[in-house]
Structure formats: C-alpha cells, structure tokens
Amino acid sequence: MRYRFDQFEIDLTRYELRRGRDTCPVEPLVFDLISYLASNANRIVTRDDMVAAVWQGRAISDATISSCIKSARRALGDSGDSQSYIRTVRGRGFEFCANVEVGHDPPTAGTIPPATRTASSAEPDGASLSADHDPKPILVVLPFANLNTETDEYFADGLTEDIITNLSRFRDLRVIGGASSFQFKGRTHDLSEICERTNAGYVVQGSVRRAAGRLRISVQLIDGETGVQLWGDRYDREMVDIFDLQDEVTRIIAATLGVTMQDVALQRAMKKGPLQLSAYDCLLRARRYTWMLSAEMHGEARDLLEKAVELDPLSADAHALLANVYLGEHRFDMNPRPNPIGRALTHALAATSLDPKNAYARCWLAIVHFFRGENERFETEAQLALSLNPNDPETLADVGHYYAFMGEFERGAALSRRAQQLNPLHPSWYYFSFARLHYSQRRYDETLADMQRIGLPHFAWSHLLAAAAKGQLGHPDAGEPVAKLFEIKPGFSARAELQKWNAAADDLQHILEGLRKAGLKE
C-alpha cells in the first residue's frame, strides 16, 4: 500500500518515505507515526489513538510523543510554526492536513522481502540458505572494525563471535554463522552485496577503539534493503578485566538487538490485513498482550495464536505463547474457558517437544508448573530457560516475577533488575518483583511507589498490594483500593487469590494482615 501527498510517497511494502525520487532517511518509529497520521488524514487523532497504534499501547511520556512529532515534521520539511502537514489541535490531538491518495501494489509472484528471508539459527558454515520455509528475520553480524593497532585484533574478533553466539539464542531470529560473516573481514562490500550473498535482511556493524585505559565500542543495526539505520549505540568502559568487559558488553548488545528486531518485525506485521497474516505475523501481533495484559488484548491474542497454531502446528514459539495466553484465563480470569491450566500445559509441552532449546517455551512450561503448585518442576524448567538464553529480558523478568511470588524475593528482584538493564523500554509489570520484595521487607512506602510505576488498573494485584501497604501504614484512604478490588472481581477472595498465586504461608499471612487493616473483611 502507498500513501501519496504533494511530492511525498509512503511505501508500506518497502517501508520507505520518498520525496520525489529520493528516499528520506527516517527512524522506524517516526515512519510508523507518519504512516498512521497519513492513513487518518483530515481527522483529529488523540494522543491515546497514537499510543495504541504506533506504540502498541505502551506507557509513553508526553516528551517522547512530542519528540516523535517533531522528528516527523522535520522529515516532511514541516515545522512547529508552519504546521503544513501535522497540525496540533490544542486539547484534542493532531491532524494530518494533506490531501492523501491511497494506492495498492499488485502482488509479485515469488518475491520475498529481505526482512522475511530465512536461514537456520546460527547458520552452519557453507549451508545453503533457504528463503521459502521460515519468515523469521535474518541478521549478519559483520566483523567489528578494530580502530587500534594489530594487538587488539583478537578483542574485536572475539566481540563479534560472542554477539553472534548470544544472538543465536533468540529463537525468533536467524543469525548467519561466524565463518560466513568473517569472509567479509577487511574487505569493502556494499550492503546490497552482503545481503545478496548471505540472504540477510539486516546487517550489524560495529567498531572498537582503545585509548588512555578506556574502551569505546560502537554498534549499529541497518536495514539491508534501504540502508536506514534502525538502531545504534555506543558503550564506553574502563579497561579492567578484558574478558569480563567483553561478556558484559556482548550481553547488552545482543539483548538490545534481540528486542529491537522483535519491534521491527512487529511493525511490519501490523501493516498487513487479516487475510495476509502468516503464522509468524499472528505470533508477532499476539505478543502485544504481554505488554498490556488487558482482557481485550488477551482475547485478540488468543484468536491470533489459535490461528497461528492451525497455520503452522510445528511452531514452538506459537505453542509457547498460546500456553501463556491460556494461562491468562486462570491467572487474571480473562475471557475464561474450561480447564485453562490443562490447555496451557498441553501447549507448553508441545512447544518444548518441538524445540527443546527454546528458552521461552521452557519458561512457560515452568510457569504452568508454578500454577499447578509443582515448585520443584518450576525450578528445574526455570533454570533451564535461563541457561538457554540468559540475555532475553522477558525470560529473566518472567522467572524473577514468579520467584518473588513464591517468596524468594531477593532472587526474583535480582533477575528483574537484570531484565530492566537489558531492556530499558520494558513493560511496567517488570516492577512487580520489587513491590513484592519491598512489602516483605516492610518498606511499605516503597511498595506504593512500585505500584505507581506498574499502573495496570485492570489487574487485581495492583490494588491488592496497594491496599495491603496502605493498611500497614494506616492511610485513611486504604479502603479505596479494597473497593476497587471488588469492582474488578465482585466475588473477590484475598485468601483464594494468594493461594492461586502460590504464596508462601508467612507471606500470605503478612498480606492478609495488611488487607484487614485496610478494611477487608473475609
């Protein structure tokens, strides 16, 4: 699909903004914002509309939105003064003022966009790269450039190899093997040639420089088709233990690249109509539920994943996420159907059978065991999940979350803290393990601060912990979150809820004590 206005054209198929014959360099988020506004031309869209469409409902600050609007105007040659294209309607939202024409591209048989070309994870050297069986994004990590003397060559090469290894742990990415990517070392190749030879859709480039006892590592992710930089960062560190430093930086880079690629793939999937969705597209769209945890998103995710499993019954990722969603019927009482734990167990076992090394699948098999009260099995699968991908923020946060709920507060908070470091743009529920830790330590004011960070007003635990903390502090408004609990769940039972979430005996009594002080009668 294309949107045309004045001298501009937005090509959703190629993910490009063009002015005449020239491609305008624009960040993916800014491209999404311009596309969304153009698709709603000459009508006012609210801030909430934009957040839902462009940021998939994540908690976004006004400053972030303002910055993105400013970048969109800059890309169009607009300004806050002229507002020729993007007009601010005070108190209401924004309006795209151009006359937009919509065009559709005819499908081209046999074409596969680079973003969906495939190869096996950490592709074996010399393997033939197939482009017709798996839509997951392919990355090639080029050897990092050494900007020092030859004595530091080993560090740049080791950094490259470790990033390849760590990225290959993300099961929804395909990473070209090191022996293949190192063929480009020391040679000049343009991106199109690299992508053509490796079948990759995305290229990771970087450099290493050492000076005055400090090390600077720069890295960027580039769209192989357009040449647009999708992400980039720089890491400055003191030179202490070279191997510890290498481990630290490669973990951060791999985690950031993994999260960034998931977002890029989701943005592409969101452009497709219902009839165009593949199993992988359904999976990507359904992942938005793990951010918002709303009943509406849960219902949509369940439909998408049931379709995904029907389209591709061999997708371990789809089975694993469906286990998550089915378990949501039990955890949050969202859109319940009979036997949610049993259905979740079936799909978690299917996922781990299809891909025994899938960390996300192991994680959700662990969580099913948690809700079955099988703590030893939870521990076994959780540790296996962490060993399979110690750099996946979501796995770290999920496991930390449930350690905290079963009473291992320090252990849970440590994993959640690491998840936050690896993914600074994390969902708000990452703070739950801190709230549980602070309540157990009788630091009730900090518990309330954690609950403010979490938000999630539709989630009973948000009000349960707030009420208990306020009750312990003797707040006069402690009854308000108690009332909210019964508004959300009219038949609410605190003891039953705590037992459902596998609370340890002393923790259960401590929370019930706070709830009684807040006015809860059971």
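**Exercise 1.** In this predicted model, work out the strand order of the open three-stranded sheet and say which strands stand at its edges.

*Solution.*
Step 1. Read the order: E5-E7-E6, with antiparallel pairing.
Step 2. Find the edges. Strand E5 (44-45) and strand E6 (86-89) each have a single partner strand, so one side of each is left without a neighbour in the sheet.
Step 3. Look at the pairing of E6 with strand E7 (residues 93-96). Four bridges hold this antiparallel pair.
Step 4. Fix the register with one residue pair: Arg 87 stands opposite Glu 95 in E7.

**Exercise 2.** Find which helix lies across E6 and E7, and give its angle to E6.

*Solution.*
Step 1. The helix is H3, residues 62-75.
Step 2. H3 runs at about 145° to E6.

**Exercise 3.** List partners of strand E12 (residues 202-211), with the direction of each pairing.

*Solution.*
Step 1. Take strand E9 (residues 138-141). Three bridges join E9 to E12, and the two run parallel. Here Val 140 faces Val 203 in E12.
Step 2. Take strand E10 (residues 145-146). Two bridges link E10 to E12, again in parallel. Ala 145 stands opposite Ser 207 in E12.
Step 3. Take strand E13 (residues 214-223). E12 and E13 run antiparallel and share 10 bridges. Ala 211 sits opposite Arg 214 in E13.

**Exercise 4.** Which residue takes a positive phi in the hairpin of E12 and E13?

*Solution.*
Step 1. Locate the turn: two residues lie between the strands.
Step 2. Check the backbone there. Ala 212 has the positive phi, near 50°.

Conventions
Residues are numbered from 1 along each chain as its sequence is written. This is a predicted model: local features need pLDDT of at least 70, side-chain atom pairs count only at pLDDT 80 or more; totals for chains, interfaces and linings use all residues. Side-chain values use heavy atoms; hydrogens and water are left out. Two strands pair if DSSP finds at least two bridges between them. Contact means heavy atoms within 4.5 Å. Axes are lines fitted to C-alpha atoms, for helices over the stretch in contact, and angles run from 0 to 180 degrees between N-to-C directions.
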